[in-house]
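Please find below a short note on the helices of this model and on how they pack. The points are numbered for ease of reference.

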Amino acid sequence: MEFTMKKKLIVFLVAALLISVAMGVMGFLNLLTLKKIVNYNENIVAKPLAYIAETNFSYGMSRVIIRDLIISEADADEKLHDQLLESLDIIQTQLSGYKDTLTHNGSAKSEEYDKVANLILQTKEWTKQIKIAEELIAKNKKSEAIAYLKNDVEQNGEAINASIQELIDLNKEQANNSSQVAESIFAQIVIKMIFIILVGVFVLALLGLLIIRSITKPVARMIVAANQLAEGITSINLATENNDEIGQLEKAISRVSESIATVVNDTETILTASRQGDFLQHADATKHKGVFAKVIQDINRTNDTISNHLDNIDVSIAFFSINKKIVYKNKAMIDFVRMFHLNSDDENILARIMSLNKSVDLSAGAELVFKSKTATTFENTITMLDPATNQNRAYNLALYRNDGQDADLDHKCVMVTISDATVPV
């Protein structure tokens with residue numbers, strides 16, 4: 001399956017979305033866990049602790065009032081008696097709430113529940129004893145009431161105080177344990193969140209790195225290829241199997257390189273042929289497109305123009321390769337060859353022409369132009385029998401080799417010109 005750049009970006013965005021959703025879900029679950037911890041601390045720790053603290057406070061107030069009654073020998077203000085009864089009611093209310101909370105939390109069979117139930121019984125009994133002392137005071141039996149308060153009420157009060165302290169210590173221990181559990185759970189939540197964030201960052205970084213690499217690596221190859229094209233190197237092959245946008249761009253650059261290479265090869269072929277004297281060499285412009293086709297067409301037309309100009313010259317002109325093979329002849333040369341009943345396609349046409357000379361043998365001088373690295377010209381007059389008039393005619397024969405800057409003889413050509421030098425004799 002081919003992944004285009006669009007698909008890669010979609011995969012990256014989907015991965016980022018999924019990671020965000022996963023982090024959101026994990027965060028939501030962690031919030032639920034924290035809520036459970038808060039509810040647990042509120043119901044299991046905070047409420048019982050508040051009940052027992054309020055109970056302890058009311059109990060302490062009751063003990064203070066009882067001692068005031070003992071000190072004042074039951075001759076206290078009426079408001080003090082009301083405060084005592086109110087404190088006793090608060091103790092019962094708080095302990096009942098404590099007990100209900102334990103029942104609601106499913107702790108009805110716990111040791112704490114038993115202690116609260118026992119404390120309720122103790123405080124009820126203690127309340128009865130205090131009410132008996134109140135009745136004795138109301139009957140003006142203050143001495144009996146004071147004695148009762150000092151003995152039975154104070155004794156049971158100490159037992160209640162011990163029970164309250166046990167519950168306070170138990171709640172403190174539970175609060176401490178709950179705090180440790182909460183800290184442990186919170187630490188686990190933090191670790192999970194950090195882990196998820198790290199995994200998310202790693203996955204996104206990995207996907208981003210792969211996407212960036214899938215772009216930068218081929219782009220680097222294309223930059224090298226473009227620089228090579230700028231330096232005239234056309235042997236470029238960006239082989240790729242990818243069909244994404246980057247792969248298509250690589251293939252496009254390869255096609256550009258191939259097109260330029262083809263134009264350069266065709267141009268070099270035509271120009272090489274032209275340097276060797278062949279102005280009839282053409283390249284197929286139809287296999288090129290756009291400006292490349294126009295370049296080849298213009299080169300072909302240039303050769304055609306040169307050839308037409310040579311055809312319009314009355315002097316017989318021919319170009320020979322360095323191995324004496326004729327590669328081009330103008331119209332005058334074709335007519336000249338036909339006049340002497342020679343075959344213009346004969347590879348030895350130059351030798352045939354030289355053999356028609358009625359004077360001295362000129363082949364040695366002409367040979368130097370083809371093979372010598374120093375002799376580049378040869379000129380002489382040749383006398384030939386005109387078949388039409390059966391009379392000798394004199395012609396100026398000239399051979400020119402233009403070396404230019406090319407030291408390779410294989411790439412050179414020799415131009416042969418034959419012009420009429422005399423009237424018939």
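In what kind of crossing, left-handed or right-handed, does α3 pass α4?

1. The structure under review is a predicted model. In answer to the question above, α3 passes α4 in a left-handed crossing.

2. The geometry of this pair may be stated further. Helix α3 covers residues 111-138, and its axis comes within 9 Å of the axis of α4, the two crossing at roughly 160°. An angle over 145° counts as roughly antiparallel, so α3 is roughly antiparallel to α4. The residues of this contact divide into 17 nonpolar, nine polar and six charged.

3. Helix α4 deserves a description of its own. It runs through residues 142-230 and has 89 residues. From its first C-alpha to its last it reaches 122 Å, which is close to the 132 Å expected at 1.5 Å a residue.

4. Two local features of the backbone should be noted here. A kink of about 35° occurs in α4, and L149 lies at its centre. Just after α4, G232 adopts a positive phi of about 90°.

5. The next pair is α4 with α5. Two packed helices are described by the angle between their axes and the distance between the axes. Helix α5 comprises residues 245-275, and it packs with α4 at an angle of about 15°, the axes being 10 Å apart. Angles under 35° count as roughly parallel, and α4 is therefore roughly parallel to α5. The crossing of α4 and α5 is left-handed.

6. Which residues of α4 and α5 meet? On the α4 side they are S214, I215, P218, V219, R221, M222, A225 and L229. Their partners in α5 are I246, L249, E250, I253, V256, S257 and I260. Sorted by character, the residues of this contact are 11 nonpolar, two polar and two charged.

7. Helix α5 also packs with α6, which spans residues 290-311. The axes of α5 and α6 come within 10 Å and cross at roughly 5°. The two helices are therefore roughly parallel to each other.

8. The contact of α5 with α6 can be located in the sequence. In α5, residues S259, I260, V263, D266, T267, I270 and S274 take part, and they meet F292, V295, I296, I299, N300 and N303 in α6. This contact divides into seven nonpolar residues, five polar and one charged. The reader may wish to find I260 in the model, since this residue of α5 is listed in the contact with α4 and in the contact with α6.

Notes. Residues are numbered from 1 along each chain as its sequence is written. This is a predicted model: local features need pLDDT of at least 70, side-chain atom pairs count only at pLDDT 80 or more; totals for chains, interfaces and linings use all residues. Side-chain values use heavy atoms; hydrogens and water are left out. Helices (H or I, at least four residues) and strands (E, at least two) are DSSP runs, numbered from the N terminus. The expected span of a helix is 1.5 Å times one less than its number of residues. The bend at a residue is the angle between axes fitted to the seven residues ending there and the seven starting there. Axes are lines fitted to C-alpha atoms, for helices over the stretch in contact, and angles run from 0 to 180 degrees between N-to-C directions. Angles under 35 degrees count as roughly parallel, over 145 as roughly antiparallel, 65 to 115 as roughly perpendicular and the rest as oblique. A crossing is left-handed if the near helix is turned anticlockwise from the far one by less than a right angle, and right-handed if clockwise. Contact means heavy atoms within 4.5 Å. Ala, Val, Leu, Ile, Met, Phe, Trp, Tyr, Cys and Pro count as nonpolar, Asp, Glu, Lys and Arg as charged, and the others, Gly among them, as polar.
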